[in-house]
Amino acid sequence: MKKNEKFIGKCESYTYDGLGVVKYEKIPVFVKDMLAGETGEIIITKVLKNFSYGRCLQLLVCSQERVRPLCPVYKACGGCQLSHLSATAQKAFKRQRVQDCIARIGKIDLEVEDVLSMEHPFYYRNKGQIPVGVKEGQVICGFYRIHSNDIIDMDECLIQHPLINEMVEIIKAQLQKFQIGSYFRHLLIKVGFESKEMMVVLIVREEKIPHLKELVEAISQNKYVKSVIMNLNQRNDNVILGDKETLLYGKPTIQDTLMDLTFNISSKSFYQINPLQTCVLYEKAVEFANLTGKETVLDLYCGIGTISLFMAKKAKHVIGIEIVEDAIKDAKKNAELNQISNVEFICSDAGTFASEIAKNGQHLDVICVDPPRKGCDQKTLESILKMSPQRIVYVSCDPATLARDLSFLSQNGYEVKKVQPVDMFPQTTSIENVCLIVRK
């Protein structure tokens, strides 16, 4: 097999990130934009030791599940991977991905529930993180090409809230007008789906920006903008936000409502990006917790307190733990804002705090965990075992690390009862899950 070699091949399956798998001389070739069952003419673009990458030059046999992507830059942009799949095929892909992880990594014999998906799977993101660059004198704002740092310029993203798209165009025009695009790294824009309040975070390379006043005036003319913040990031890595922030306009937070609860959202606080599906996810988490009003609940990795406050409405007492100090400040304000008093929030590492509670022998009925993509660390898992809760509700955005942690719990006195995928990220390969784990 050589680079630029062409062959006719049939797609047999998918990788976890949505690439079609085509065998050539018994070696897998990963091809973007090919569906299972399709046959096409493929050219080899990259040859590695055990596999290769290819590009489909033309389809000879098309799948009935293929649809025409609505996004004009879909093929170049790395933001969405499944826009060429029908809604039915996307559900099947995501459920199978979770099922494979549970079986292969978790070694658990359990049938994964059907995916809970959206009726209208577009314009659902309440947060946009948009790279900024300058190419041939023109300011470009978009998303990165897959597996690269090349920015694909865009006029509209079909999975972002329309207000985010409008604001990107406003800022882009101002950066071009004043020729100041090179000072900027990213734009971070957050929108409250219910409130329509908007926060704009300008992530910059230097503190002194020419024409900054004029830029802020142009941004704040939009009636939905309630906050404009400058974030200084002089790091040399891929971390988006720096440590130093300056409030340029309005207030440091915006508000949004999930069902009957109101939340303050700051620039650095974690808040689920799909509010409609977040309600589905949290309702399922509360259902799995099976609260009667007598339970003490520990919510690890609580963020700004969203799950904690939903649990507090049906529990006796809830303790929320989060290592990000700003998020804990927001969580405490959110409890006050919603007049919920049977909850406390503590700034601490989840594993360290769980370990202390386990040492003290404190009884907990339900533990809820919603860790970052890397999952729970070993100390946290071992502490959960020592606390021996009746039920564990595990919320996860990564099926692989979820399966790893479920395997550990299932080998140490717990049984995984349900794995419920919730599609928080239509058009992409990402899938959220909420799991019910009970003590044997």
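Here are some exercises with worked solutions on a predicted model.

**Exercise 1. The barrel**

Work out which strands close into a barrel and in what order they stand. Then find what joins strand S3 to strand S5.

*Solution.* Begin by going round the barrel: 5 strands close it, in the order S1-S2-S3-S5-S4. The pairing here is mixed. Next, look at the twist, which averages 50 degrees from one strand to the next. Now pick out the pair made of S3 (residues 27-31) and S5 (residues 52-61): these strands run parallel and are joined by 3 bridges. To place one residue of this pairing, start at valine 31, whose bridge partner in S5 is glycine 54.

**Exercise 2. A pocket and a cavity**

Describe the second largest pocket by its volume, its lining elements and the classes of its residues. Then do the lining of the largest cavity.

*Solution.* Take the pocket to begin with. Its volume is about 520 Å³. The lining has 17 residues, of which Val31, Lys32, Gly54, Arg55 and Lys75 are the closest to the centre of the pocket. You have already met two of these: Val31 and Gly54 are the bridge partners of the barrel exercise. Which elements give two or more residues to this lining? They are S3 and S5, and S5 supplies the largest share, with 7 residues. Sorted by class, the pocket lining holds 8 nonpolar, 4 polar and 5 charged residues.

Now turn to enclosed space. The structure has 1 cavity of 30 Å³ or more, and the volume of the largest cavity is about 60 Å³. Walking along the chain, you find its lining at Asp17, Gly18, Leu19, Lys32, Asp33, Tyr74, Cys77, Gly78, Cys80, Gln81, His84 and Ile146. These divide into 5 nonpolar, 4 polar and 3 charged residues. Notice Lys32: this residue lines the cavity and is also among the residues closest to the centre of the second largest pocket.

**Exercise 3. The open sheet**

Trace the open sheet of 7 strands and name its edge strands.

*Solution.* The strand order is S17-S16-S15-S18-S19-S21-S20, and the pairing is mixed. Check the two ends: strand S17 (343-347) and strand S20 (414-422) each pair on one side only, which marks them as the edge strands. On average, neighbouring strands of this sheet are turned by 15 degrees against each other, direction ignored. Then zoom in on S19 (residues 391-396) and S21 (residues 432-439), an antiparallel pair with 6 bridges. Within this pair, isoleucine 392 stands opposite isoleucine 437 of S21.

**Exercise 4. Two partners of helix H9**

Describe how helix H9 packs with H1 and with H8.

*Solution.* Two packed helices are described by the angle between their axes and the distance between the axes. Start with H1 (residues 87-104) and H9 (residues 399-410): their axes come within 8 Å and cross at roughly 35 degrees. This crossing is right-handed. H1 brings Arg97, Val98, Cys101 and Ile102 to the contact, while H9 brings Pro399, Ala400, Ala403 and Leu406. By class, that gives 7 nonpolar, no polar and 1 charged residues.

Next comes H8 (residues 378-387), which packs against H9 at an angle of about 35 degrees, with the axes 11 Å apart. Is this crossing left-handed or right-handed? H8 passes H9 in a right-handed crossing. Here Gln378, Leu381, Glu382 and Leu385 of H8 meet Asp405, Phe408 and Leu409 of H9. The classes in this contact are 4 nonpolar, 1 polar and 2 charged residues.

Definitions and conventions:
Residues numbered from 1 in each chain as written. Predicted model: local features only at pLDDT ≥ 70, side-chain atom pairs only at ≥ 80, totals over all residues. Heavy atoms only, no water. Axes fitted to C-alpha atoms, helices over the stretch in contact; angles between N-to-C directions. Helix = DSSP H or I, 4+ residues; strand = E, 2+ residues; numbered from the N terminus. Left-handed = near helix turned anticlockwise from the far one by under 90°. Contact = heavy atoms within 4.5 Å. Nonpolar A, V, L, I, M, F, W, Y, C, P; charged D, E, K, R; others polar. Pairing = 2+ DSSP bridges. 1 Å grid on protein atoms, 1.4 Å probe; cavity = no way out; pocket = protein on both sides within 12 Å on 5 of 7 lines; lining within 4 Å. Points joined across faces, edges and corners; volume = space filled by probe spheres on them.
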